[in-house]
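Me: I'd like a close look at one part of this model, please: chain B. Take me through it by itself first, and then through its surroundings.

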Amino acid sequence: MADDPAVQAEILKLARLLQREPERLAYLARLPLNDLKQLRAQVTETLFTDHEAVLRRLAAASRLLPVSLVANLSENTFGPILSARIAGLMEPERADQVGQRLPTRFLADIAIELDPRRVEGVIARIPADRIREITDELAGRQEYVTMGRFVGHLRDEALAAAINTLSDDDLVETFLVMEDPPELDRLARLTDPDRIERLAARPGSPIPAP
Amino acid sequence: MSKDAGRRALKEQLGNRLPKGVTALADEELEDLAEAVRAARRRQAKALADAGERALHKIPRLLRGPVRKAAGG
């Protein structure tokens, strides 16, 4: 497997999408990072738009049902992958109402499968406290790649809550595999200055000294 | 298998505009990648069909008709 954490992270994300062991895609480590990103974007687009008409109709039909039943069906019948696909096709307000009924553990399962760009409106509605709970759950599973995909999509308040719940180790691991160019000035603004200094001093830290 | 079979198979799954580095992979690697995408799409289609059917049985009888109609089933 590649030494570059960004390449490793891309292969891991692609393996997730394809439900494959990352080792079975080791040959992709020879690709330039940008080609890997483009490949993953194409696979994401293919999987998220396959059956989009059916998923869109399901999202529309769910409006006829009580929120509690939709949440129950999401958790116990559709599961995290299909729920992640449908979430982006629901009205953000309704998707948020369903999310409020779901346990943190299952929201973390969905987060792993989500394309954050397709659920911006839903993410923006999630209170910082809930973001903290989901972050805690993801950190417990060492889901740095998943957390790294969301950093650029969280409001300041939510990102600050996530930063404050992560240990130094978890925060550095997450920033190593961030989706977008690291928003280090935003991180610096939302983090205690003493902590930034401590993080920057760590060997191999992606965070520059203030 | 013909020489470009892997590349063709992957284009069938992802369209014609594959990243340059991807097209330079060995043909058996391209075929493996195409099969991985094909399998993921098949799994997703089956999961959707199965879940749709199971979901209908969990919905109150009174609502099944309207929901089935809205879902286009």
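Reply: Happy to. One term before we start: helices here are DSSP runs (H or I) of at least four residues and strands are DSSP runs (E) of at least two, both numbered from the N terminus. Please also keep in mind that this is a predicted model.

With that in hand, chain B reads α-α-α-α from its N terminus on, which is 4 helices and 0 strands. Chain B is more spread out than a compact globule, because its radius of gyration is 19 Å, well over the 11 Å that the globule rule gives for 73 residues. You can see this in the box its C-alpha atoms fill along the principal axes, roughly 55 × 20 × 20 Å. Of the 73 residues in chain B, 26% are buried.

Gly52(B) is a good residue to pause on. Gly52(B) sits in helix H3 of chain B, and it counts as buried because 20 other C-beta atoms lie within 10 Å, where the cut-off is 20 or more. From Gly52(B) to Glu12(B) is 40 residues in sequence and 27 Å in space, C-alpha to C-alpha.

Now to the partner chain. Contact with chain A involves 30 residues of chain B and 28 residues of chain A. On the chain B side, helix H1 (5-14), helix H2 (20-23), H3 and helix H4 (61-70) are the elements that give two or more residues. H3(B) gives the most to this side, with 15 residues. Sorted by class, the chain B side holds 18 nonpolar, 6 polar and 6 charged residues.

One place to see chain B from the other side is helix H1 (residues 5-18) of chain A. That helix has 14 residues and reaches 20 Å from its first C-alpha to its last, close to the 20 Å expected at 1.5 Å a residue. Its buried residues include Ala9(A), Ile11(A), Leu14(A), Leu17(A) and Leu18(A), and also Glu10(A) and Lys13(A). What do the buried residues of H1(A) pack against? They meet helix H2 (33-49) and helix H9 (144-150) of chain A, together with helix H3 (27-58) of chain B. Just after H1(A), Gln19(A) has a positive phi of about 55°.

Further into chain A, the domain assignment gives domain 1 (1-50), domain 2 (51-126) and domain 3 (143-210). The C-alpha centres of domain 2 and domain 3 of chain A are 27 Å apart. Their contact takes 7 residues from domain 2 and 8 residues from domain 3 of chain A. Helix H6 (104-113) and helix H7 (120-123) of chain A each supply at least two residues on the domain 2 side, and by class that side has 6 nonpolar, no polar and 1 charged residues.

Last come the cores. The largest nonpolar core has 54 residues, and Ile86(A), Ala87(A), Ala111(A), Leu154(A) and Ala162(A) have the most contacts inside it. Helix H4 (residues 67-87) of chain A gives the most to this core, with 9 residues. Domain 2 (51-126) and domain 3 (143-210) of chain A each give at least three residues to it. Apart from this core lies another, of 25 residues, and here chain B returns: among its residues are Val43(A), Leu14(B), Val22(B) and Leu25(B).

Terms used:
Residues numbered from 1 in each chain as written. Chains lettered and ligands numbered in written order. Predicted model: local features only at pLDDT ≥ 70, side-chain atom pairs only at ≥ 80, totals over all residues. Expected span 1.5 Å × (residues − 1). Buried ≥ 20, exposed ≤ 12 C-beta atoms within 10 Å, placed from the backbone. Contact = placed C-beta atoms within 7 Å. Domains from an automatic or database assignment. Nonpolar A, V, L, I, M, F, W, Y, C, P; charged D, E, K, R; others polar. Core = buried A, V, L, I, M, F, W, Y, C linked by C-beta atoms within 7 Å. Rg over C-alpha atoms; globule rule 2.2 N^0.38 Å.
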